[in-house]
Amino acid sequence: LGEAGAASYTDLAVFKDIDLSNSRDPRISKFYVGDTVRYSLQVVNNGSVAVSGATLTDVAETGLEGLTWSCTVVKGDAQCPAPSGTGLPNFTIPKLG
């Protein structure tokens, strides 16, 4: 307490240790009409705090057809929004530990 019983306050900033990264493997540079292309996207939280609500969006050239995706938790405490879907992945990840 300060003089005459007055309260004293200090501002304190708290930062969470969140470190998200993503990668695509293999890096696709060329494919042809009729080719089947498979690749994986990996999203990793290298931080010490779990993340909820991170958005994953992938982009591709227009005109691609028959796109599907699947989601698997490989390591840690994470949740997929669904086990699989159609189109390009464009979703919110419920939890990434």
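Is cysteine 71 buried, partly exposed or exposed? At 23% relative accessibility, cysteine 71 counts as partly exposed. That goes for this predicted model, and the close-ups below start from that residue.

**View 1. Cysteine 71 and cysteine 80 pair up in a disulfide.** Here we're looking at the one disulfide that the structure holds. The sulfur atoms of cysteine 71 and cysteine 80 sit 2.1 Å apart. Follow the S-S bond between these two cysteines and you get a torsion of about -80°, so the disulfide is left-handed. As for the surface, cysteine 80 has a relative accessibility of 24%, so this residue counts as partly exposed. Its partner, cysteine 71, comes out at 23% and is partly exposed as well.

**View 2. Valine 33 sits out on a loop.** The loop in question runs between β1 (20–25) and β2 (40–45). With a relative accessibility of 88%, valine 33 clears the 50% cut-off and therefore counts as exposed. While you're here, have a look at leucine 64: valine 33 and leucine 64 are 31 residues apart in sequence, yet their C-alpha atoms are 9.2 Å apart in space.

**View 3. Aspartate 58 is a buried loop residue.** Aspartate 58 belongs to the loop that links β3 (54–57) with β4 (68–70). Its relative accessibility is just 8%, which is under the 20% cut-off, so aspartate 58 counts as buried. Who are its neighbours? Leaving aside residues up to four places away in sequence, aspartate 58 touches Arg24, Tyr39, Leu41, Leu88 and Pro89. With one of them, tyrosine 39, there's also a side-chain to side-chain polar contact of 2.3 Å.

**View 4. The largest pocket has a lining of 50 residues.** About 1,500 Å³ of space lies inside this pocket. Lying nearest its centre are Tyr39, Ser40, Leu41, Trp69 and Pro89. Three of those names may ring a bell from the previous view: Tyr39, Leu41 and Pro89 are among the residues that aspartate 58 touches.

**View 5. Several strands help to line the largest pocket.** At least two lining residues come from each of β2, β4, β5 (78–79), β7 (90–93) and β8 (95–96). β2 supplies the largest share, with six residues. Sort the lining by residue type and you find 26 nonpolar residues, 14 polar ones and 10 charged ones.

How values were computed:
Residues are numbered from 1 along each chain as its sequence is written. This is a predicted model: local features need pLDDT of at least 70, side-chain atom pairs count only at pLDDT 80 or more; totals for chains, interfaces and linings use all residues. Side-chain values use heavy atoms; hydrogens and water are left out. A disulfide is a pair of cysteine sulfur atoms within 2.5 Å. Buried means under 20% relative accessible area, exposed over 50%, partly exposed in between (1.4 Å probe, protein chains only). Helices (H or I, at least four residues) and strands (E, at least two) are DSSP runs, numbered from the N terminus. A polar contact is a pair of N or O atoms within 3.5 Å; within protein, one must be able to donate a hydrogen and the other to accept it, and residues adjacent in sequence count only if both atoms are side-chain atoms. Contact means heavy atoms within 4.5 Å. On a 1 Å grid over the protein atoms alone, a cavity is a set of points where a 1.4 Å probe fits but cannot get out, and a pocket is an open set with protein on both sides within 12 Å along at least five of seven lines; lining residues have an atom within 4 Å of a point. Grid points are joined across faces, edges and corners, and a volume is the space filled by probe spheres set on the points. Ala, Val, Leu, Ile, Met, Phe, Trp, Tyr, Cys and Pro count as nonpolar, Asp, Glu, Lys and Arg as charged, and the others, Gly among them, as polar.
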